[in-house]
Amino acid sequence: MSESMRSARTAHKNDYDVVVAGGGPVGLFLACELRLGGADVLVVERLAEVDETIKAGGMNTAGAVTLYRRGLLPDLTAAWERNRWRMRAFLGDRDQGQGQGQGRNREQGRNREQGQDREQRADAPRTPPRIPPKFAGHFAGIMMRGDLFDDSDPAFADIGPADGVGLGVPQVELERILGARAERLGVEVRRGVELTGFDADADGVVVDLAGDATVRTGWLVGCDGGRSTVRKLAGFDFPGTEPEITGYQAVVEMSGGERLGVGWNTTDVGTYVNGPFPGRILTVEFDGPPADRSAPVTAEELQAALRRVSGVDEVTIHEVHSSTRFTDNARQASGYRKGRVLLAGDAAHVHSPFGGQGLNLGLGDAMNLGWKLAAVVRGLAPETLLDSYTAERHPIGAWVLDWTRAQIAVMRPDRHARALRRVVTDLALTTTGTTYLVKQISGVWQHHDLPGDHPLTGQSAPDLELSDGTRLGDHLHAGRAVLLDLADDPKLRARAEGYGDRVEVHSVGCPGRPELTGLLVRPDGFVAWAADGSDQGDDLDDALTRWFVAP
């Protein structure tokens, strides 16, 4: 396209402030964040309906806290209630302490749990199954034992009521929750509409949609998955490591399944999973990536893989309800922004699904980017604010890629890897090892390198219980920054004057943390400034100016 044609296309008023390509959980959540910040948003999604394909089975602590801070805890709790009973046996097994080579113990635990279920059916109302304290997943199929977890670790202090709620909320349920929220906020979502191209310059982006339609927008964000059209057309670098596995995940009708081990199982060929609910299977083979990831997955293909990995030739798959292939291709865009085009979620980084990190990583991207891009759109912040998006989120994405690579190394079927797995299992079955692994898997370690000497600066904010009966998370629902005046200091409150709706000020006490006198929390829930009594007014001014520009 010639320069004159491009200029003619972008010279008109924008139809939208931001177009988000991709209407999965990350794209929908980003759109909601942008609307909270005052931006006019269009989401375009290739699929005409919500994707029912089995994907992520839940969220970690960091992901659940993200949604709690936007008032979605009741929705998460309701989704958990809908799914808790099919997870019941799995959660009971976990309390027994699943681990490699414990198939018989797992089966005995399941039988005990089923007996308890029969007894409980006579009682009403039922109570939800107990989740082991702070349980957050597994490492390469090595399950964490709740009784070995040290919940006195400071990283788990003041998480609040969201802790553990997202564990049993599958991705499809989350997508419905976020779709309903987007509708309430007035986000326009066009389903069955595919982005086919775009032209971007310094003034905006002209987006081409299937059917020869075009829309003009100030910004384009690719949330369109691991094979992102936006990323490819924009020319983002996408370096990483080559895949070595073929994996399947599916929900099926099968016979002969009673011969399979329950939970995660490691064999001479690879790894397979049976559960956490009837008919859900997963297989991993180290024979290279699939020849065609997009081809339909057949019952015969799944059955052959399950028989090879499990060694159980009697298992027969009769019907496939949902299925997907996956591999361990691990790549990350070198930067998340090129001019007026940005990336978030799987469009910015891909990796194996082990440990359930991908969905949570994408939600974190959206939470970080949304308020910043909305401020730029409204003219309340310079475009340089967006530089902090890559600076803060890229290191977390890089960590996740390495975390999944490490699991692949421990899952390989060769003798060196199996020897390493035995060492890792021994370490995991200690209090120190369990606590370390749970801390990493849950995401509570995540922080940003922000200016300031206070230990809370750059951390995800503790969900403080305040003297008026509220919690800090209650004040983040509107997507604005919050300045807590915890010592009734009029000078501190005066420093926030002039920031309008960008910074909400609350003068309230915090009996549980009497040493804290002030806290500035960004819209994404991370602490930008904190004080313990001494006058740090200049530091507060610097933080306010850095993130919200001088009034």
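Let me begin with one contact, the salt bridge that Glu-242 forms with Arg-331, in which the closest N and O atoms are 2.4 Å apart. Glu-242 sits in the loop between strand 9 (240-241) and strand 10 (246-255), while Arg-331 belongs to strand 15 (residues 330-332), so this pair ties together parts of the chain that are 89 residues apart in sequence. The two partners are set differently with respect to the surface: Glu-242 is exposed, with a relative accessible area of 58%, whereas Arg-331, at 16% relative accessibility, counts as buried. I should say at once, for anyone new to this structure, that what we are looking at is a predicted model.

Let me step back to the chain as a whole. It has 551 residues, of which 55% count as buried, and its secondary structure comes to 14 helices and 22 strands. If we take the contacts between residues at least 6 apart in sequence, 74% of them join residues that are at least 24 apart. As for the outside, the chain exposes about 22,800 Å², and carbon and sulfur atoms supply 48% of that area.

Now back to the salt bridges, of which a search of the whole structure finds 30. A second one that I would like to show you is formed by Arg-70 and Glu-33, where the closest N and O atoms are 2.8 Å apart. This pair too links distant parts of the chain, since Arg-70 is in the loop between helix 3 (61-68) and helix 4 (73-96) and Glu-33 is in helix 2 (residues 25-36), the two being 37 residues apart. Are these two residues buried or exposed? Arg-70 is buried, with a relative accessible area of 2%, and Glu-33 is buried as well, with a relative accessible area of 3%; because the cut-off for buried is under 20% relative accessible area, both values fall within it.

Two further examples belong here. Glu-515 forms a salt bridge with Arg-513, with the closest N and O atoms 2.8 Å apart, and Glu-515 is itself partly exposed, at a relative accessible area of 35%. Then there is a group of residues, namely Arg-337, Arg-340, Glu-383 and Asp-387, which are linked in a network of salt bridges.

Let me turn to the surface, beginning with charge. Which residues gather in a patch of negative charge there? They are Asp-453, Asp-538, Asp-539 and Asp-542. Taking Asp-453 from that group, we find it in the loop between helix 12 (431-442) and strand 19 (481-485), and at 82% relative accessibility Asp-453 counts as exposed. There is also a positive surface patch, formed by Arg-46, Arg-227, Lys-232 and Arg-293. Arg-46, to pick one of these, lies in the loop between strand 2 (41-45) and helix 3, and Arg-46 is exposed, with a relative accessible area of 52%.

The surface has a nonpolar patch to show as well, of about 270 Å², made by Leu-420, Val-423 and Leu-427. Leu-420 has its place in helix 11 (residues 415-428), and at 39% relative accessibility Leu-420 counts as partly exposed.

From that patch we can move inward, because Leu-427 appears again among the residues that Thr-434 touches, and Thr-434, at 0% relative accessibility, counts as buried. Thr-434 is in helix 12, and, leaving aside residues up to four places away in sequence, Thr-434 touches Met-144, Arg-145, Leu-148, Phe-149, Leu-427 and Ala-428.

The last residue I would like to show is Tyr-499, found in the loop between helix 13 (490-495) and strand 20 (503-507). Although it lies in a loop, Tyr-499 is buried, with a relative accessible area of 4%. Which residues does Tyr-499 touch, not counting those up to four places away in sequence? They are Leu-544, Thr-545, Phe-548, Val-549, Ala-550 and Pro-551. For one of these, Thr-545, I can also give a separation: the C-alpha atoms of Tyr-499 and Thr-545 are 9.8 Å apart, although the two residues are 46 residues apart along the chain.

Terms used:
Residues numbered from 1 in each chain as written. Predicted model: local features only at pLDDT ≥ 70, side-chain atom pairs only at ≥ 80, totals over all residues. Heavy atoms only, no water. Patch = residues over 30% accessible without salt bridge, like charges linked within 9 Å, V, L, I, M, F, W, Y side chains within 5 Å. Areas by Shrake-Rupley, 256 points an atom, 1.4 Å probe, with all protein chains shown as cover. Salt bridge = Lys/Arg side-chain N within 4 Å of Asp/Glu carboxyl O. Lys, Arg positive; Asp, Glu negative; His and termini not counted. Charge placed at Lys NZ, Arg CZ, Asp CG, Glu CD. Helix = DSSP H or I, 4+ residues; strand = E, 2+ residues; numbered from the N terminus. Buried < 20%, exposed > 50% of the residue type's maximum accessible area, 1.4 Å probe, protein only. Contact = heavy atoms within 4.5 Å.
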